[in-house]
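Got the viewer open? Let's take a short walk through this model, one selection at a time.

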Amino acid sequence: MLVSFATLRLFPVFFPADRSEHAHEVYDIVTSILFIIALFSLVYGVWSTRHLRKQLIERSSAHSEALSLAQHDPLTGLPNRRRLLEAFSVLTGDLKADSFRSVMMLDLDGFKPINDVYGHAFGDTLLHSFADRISEFIGNDGIVARLGGDEFAIVSPVFNDKADAAGFARRLLTRISEPFKLNDRQISIGSGIGIALYPNDGHAMTELLRRADIALYRAKSSGRSTYRFFELDMDASILHRTLLEQRLRQAIAANEVAANYQPILDMKTGRIAGFEALARWTDSDFGKVPPLQFIPIAEECGIITDLTKHLLAEACRTAKTWPEELYLSFNLSPVQLQDNSLPAQVAAILEEHGFPANRLVLEITETSLVKNPEMAKRIISELTESGISIALDDFGAGHSSLSYLRDFPISKVKIDKSFTERMLTDRQCAAIVEAILVLSKGLDIDAVAEGVEETETHQALNSNGCHYGQGFLYAAALSAEDAIALLASQEDGRLTFAGSADHSL
């Protein structure tokens, strides 16, 4: 436009007024052309400016959207870990000296079975509904973030007393426990909550999350739907567990976890009817580690299947050297009754070591039946069809239901030792033991009493028609060699134990 304007101003200089009429015509044509060019340039400039502004707005919007996606979970729409870390400094920036915020970690109890039974799409819907529920509960005074899977983190509103934080956690657990109605189904879930306090337990969000996670682990170990505050001794406990897990992985890989064998006495004949294989582990640093300590670790970190395969194979090799009438009893983890490949795994081990299926008794707990009864029934049916017997362990101490004995192919019930050990001094325990014995007789199911430690207990069980007994009165868990020696030590075909001379076996 500047060029056009300058040309229009200078053109008369080069074409004076006294020049020919032809020159004036040329002048008019040129000025018209230049005016059109100038007008076109103006229109194009306006259009280009608007187009550029639109592109800048679109790019800015795209950048904002990308930033939002980078800071939020795509499934639930909640902030993710990155956004949580950024928001934490804002939420804690203006705290008064006598106030604090709680950093809470929580996850869903039993989420994996729900995913397995109803499918991942249903699980995603449940996660979305769960996220909406806790977001509504927290409100605008705190923040909720999804860290991954079914794991969530919360920065609570400001509290002035630890009791306020505890009350907040209890109310949140109550809200979570209310049923979800999804796709014509009603689902109830629970959750544990681990709590770390800012600034008491740390100033960095990453450290507070770590400590809240430790407290969550302790809460879930304490029971369903509970909460725990972080305590300093938890750090030492988690470190111990982590080291123990590392050593257990090494021990399983090196086949250092061994099977010991505790005899099961036939009370009618007085002879050993079989042995229960029990896992035993001695570590060079930790010493003798109780099964109640390392078995849960193996279940939690996903190595229980490897441990079971090793121990069952070892037990089958050992049991094959026993007299043919003796059976081998072996414990299954509840985790394994959720594995469809279990029957094939057991069958492969039996075939490899030439051990008859009808001499194997697999012990399961009532808890393993509660989680997914349909899958458990299918797996147990496959096992029994091959000739394997099933025993219901710790009967009466868990989620006892007579329907298990009706609906599942159970051939033995093992009376929990908490009843057997007190049956001589506690009338209620004695009544429970008697009721189980009457029930087993009516259903034609063998009863095995655990925890027999006194001769009088043995006599009472025998007189009430108990089929089998197991406990320290007869023998503790023995090595394979000592188990053979114990079999050889039976006098006149009967096992000798303390006080047995005073009553007939």
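## First stop: Val46

Select Val46: at 40% relative accessibility, this residue counts as partly exposed, because that label covers the range between under 20% (buried) and over 50% (exposed). Keep in mind that you're looking at a predicted model. Val46 sits in helix 2, which spans residues 21–70. Now add Phe35, Ile36, Leu39, Leu42 and Val43 to the selection: together with Val46 they make a nonpolar surface patch of about 580 Å².

## Zoom out

Show the whole protein chain as a surface. About 26,400 Å² is exposed, and carbon and sulfur atoms supply 54% of that. Of the 505 residues, 45% count as buried. Switch to cartoon and you have 18 helices and 16 strands to look through. Among contacts with a separation of 6 or more, 68% are between residues 24 or more positions apart.

## Next stop: strand 11

Select residues 327–331, which is strand 11; 4 of its 5 residues are buried. Which strands pair with strand 11? One is strand 9 (residues 272–283), parallel to it over 4 bridges. To see a contact point there, pick Ala277, whose bridge partner in strand 11 is Phe330.

Another is strand 12 (residues 360–365), also parallel to strand 11 over 4 bridges. Here, pick Leu328 and its bridge partner in strand 12, Leu360. Then follow the chain from strand 11 through helix 11 (residues 342–353) to strand 12: this β-α-β crossover is right-handed.

How values were computed. Residues numbered from 1 in each chain as written. Predicted model: local features only at pLDDT ≥ 70, side-chain atom pairs only at ≥ 80, totals over all residues. Heavy atoms only, no water. Helix = DSSP H or I, 4+ residues; strand = E, 2+ residues; numbered from the N terminus. Buried < 20%, exposed > 50% of the residue type's maximum accessible area, 1.4 Å probe, protein only. Contact = heavy atoms within 4.5 Å. Areas by Shrake-Rupley, 256 points an atom, 1.4 Å probe, with all protein chains shown as cover. Patch = residues over 30% accessible without salt bridge, like charges linked within 9 Å, V, L, I, M, F, W, Y side chains within 5 Å. Salt bridge = Lys/Arg side-chain N within 4 Å of Asp/Glu carboxyl O. Pairing = 2+ DSSP bridges. Right-handed = clockwise from strand over helix to strand, strands pointing away.
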